[in-house]
Amino acid sequence: AEVRLRGTSPMLQGAAGTFVLQHYTASLRRSGLLDMGELQQLAATLLRQPHVRAAVQRRYRSLLVDEYQDTNSQQLALLRLVQEQSAIGITVVGDDDQSIYSFRGAEPGIFASFRRHMPRCQTVTLSQNYRCTGKLLRAANAVISRNAGRVPKHAWTSNAEGGDVVRCECYNAQCEADWLVGKLGELRARRVPFNDV
């Protein structure tokens, strides 16, 4: 059975990663299943057939892709195949500052290059934040603005300034959980409603 290393995760490199992927692949084959990457490959193979692509293009007038910042090159290829020589409208929604799936092969740069791949597109930037306080959003903007290769934007809010931002350095998940539970306990003792946190 062929084993392909997906993504760039260090956990998938070396002998241990190869061993895990071989057994994972064998388990899929025994069960008659495909994983997400294989489903995408199969869809691309089908869409390369002109009669299949034409049927899809007749069936759909528009497509919506949510969380576009977590798209990989195979998914982009699918979109391009569907749109090839058609009037299908493609709407993508996402925020490159929230890309979290690079370990699964997501390529945040695809988001930034959308206009190059889809030259007739229009960009609408939704920059108002409805959740955060002013101080928290300014702190987040200061950190996020340093991300390399991001689409330039500046989030803003009409919410209250809120309390000071507290920084805590945690060295592992348990430390972070302990700190957070402690802070929630303090707020509860002061009778602050959790929906105000």
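Which residues does threonine 91 touch, not counting those up to four places away in sequence? They are Leu63, Leu64 and Val65. Bear in mind that this is a predicted model, with a mean pLDDT of 87 for the chain. The briefing below takes in confidence, a couple of single residues, the salt bridges, the cysteines and a nonpolar surface patch.

**How far to trust the model**

- Of the residues in the chain, 93% reach a pLDDT of 70 or more.
- Helix α3, residues 50-59, is where confidence is highest, with a mean of 95. At the other end, confidence is lowest in helix α6, residues 114-117, where the mean is 84.
- Residues 1-8 have a pLDDT below 50. That stretch still has 20 contacts in the model beyond near neighbours in sequence.

**Threonine 91 and histidine 117**

- Back to threonine 91: this residue sits in strand β2, which covers residues 89-92. Its relative accessibility is 45%, so threonine 91 counts as partly exposed.
- Going from threonine 91 to proline 50 takes you 41 residues along the sequence and 23 Å through space, C-alpha to C-alpha.
- Histidine 117 belongs to helix α6. Its relative accessibility is 16%, and it counts as buried because the cut-off for that is under 20%.
- Setting aside neighbours within four places in sequence, histidine 117 is in contact with Leu76 and Arg80.

**Salt bridges**

- The structure has 10 salt bridges. As a reminder, side chains of opposite charge can pair when their charged atoms come close.
- Lysine 153 pairs with aspartate 95, and the closest N and O atoms are 3.6 Å apart. Lysine 153 is in the loop between α7 and α8, while aspartate 95 is in the loop between β2 and α5 (109-112), so this salt bridge ties together parts that lie 58 residues apart in sequence.
- Both partners are partly exposed: lysine 153 has a relative accessibility of 26%, and aspartate 95 has 22%.
- Lysine 153 also forms a salt bridge with aspartate 97, at 3.3 Å from N to O. This pair, too, links distant parts of the chain, with aspartate 97 in the loop between β2 and α5 and lysine 153 in the loop between α7 and α8, 56 residues apart.
- Aspartate 97 has a relative accessible area of 18%, which means that it counts as buried.
- Step back a little and you get a network of salt bridges that links Asp95, Asp96, Asp97, Arg150 and Lys153.
- Glutamate 161 and arginine 138 make another salt bridge, with their closest N and O atoms 2.3 Å apart. Here glutamate 161 comes from the loop between α7 and α8 and arginine 138 from helix α7, so the pair joins parts that are 23 residues apart in sequence.
- Glutamate 161 is partly exposed, with 38% relative accessible area, and arginine 138 is partly exposed as well, at 46%.

**Cysteines**

- How many disulfides does the structure hold? The count is zero. For context, a disulfide is a covalent bond between the sulfur atoms of two cysteines.
- Why is cysteine 132 not bonded to cysteine 168? The sulfur of cysteine 168 is the closest cysteine sulfur to that of cysteine 132, but the two are 18 Å apart, which is too far for a bond.
- Cysteine 175 is in no disulfide either, and the nearest cysteine sulfur, in cysteine 170, is 3.8 Å away. The cut-off here is 2.5 Å between sulfur atoms, so that pair does not count as a disulfide.
- Cysteine 132 is partly exposed, with a relative accessible area of 21%. Cysteine 175 is partly exposed too, at 30%.

**A nonpolar patch on the surface**

- Val166, Trp179, Leu180, Leu184, Phe194 and Val197 form this patch, and together they have about 560 Å² of accessible area.
- Among these residues, valine 166 is found in the loop between α7 (134-144) and α8 (173-189). Valine 166 has a relative accessibility of 56%, so it counts as exposed.

How values were computed
Residues numbered from 1 in each chain as written. Predicted model: local features only at pLDDT ≥ 70, side-chain atom pairs only at ≥ 80, totals over all residues. Heavy atoms only, no water. pLDDT = per-residue confidence, 0-100. Helix = DSSP H or I, 4+ residues; strand = E, 2+ residues; numbered from the N terminus. Contact = heavy atoms within 4.5 Å. Patch = residues over 30% accessible without salt bridge, like charges linked within 9 Å, V, L, I, M, F, W, Y side chains within 5 Å. Areas by Shrake-Rupley, 256 points an atom, 1.4 Å probe, with all protein chains shown as cover. Salt bridge = Lys/Arg side-chain N within 4 Å of Asp/Glu carboxyl O. Buried < 20%, exposed > 50% of the residue type's maximum accessible area, 1.4 Å probe, protein only.
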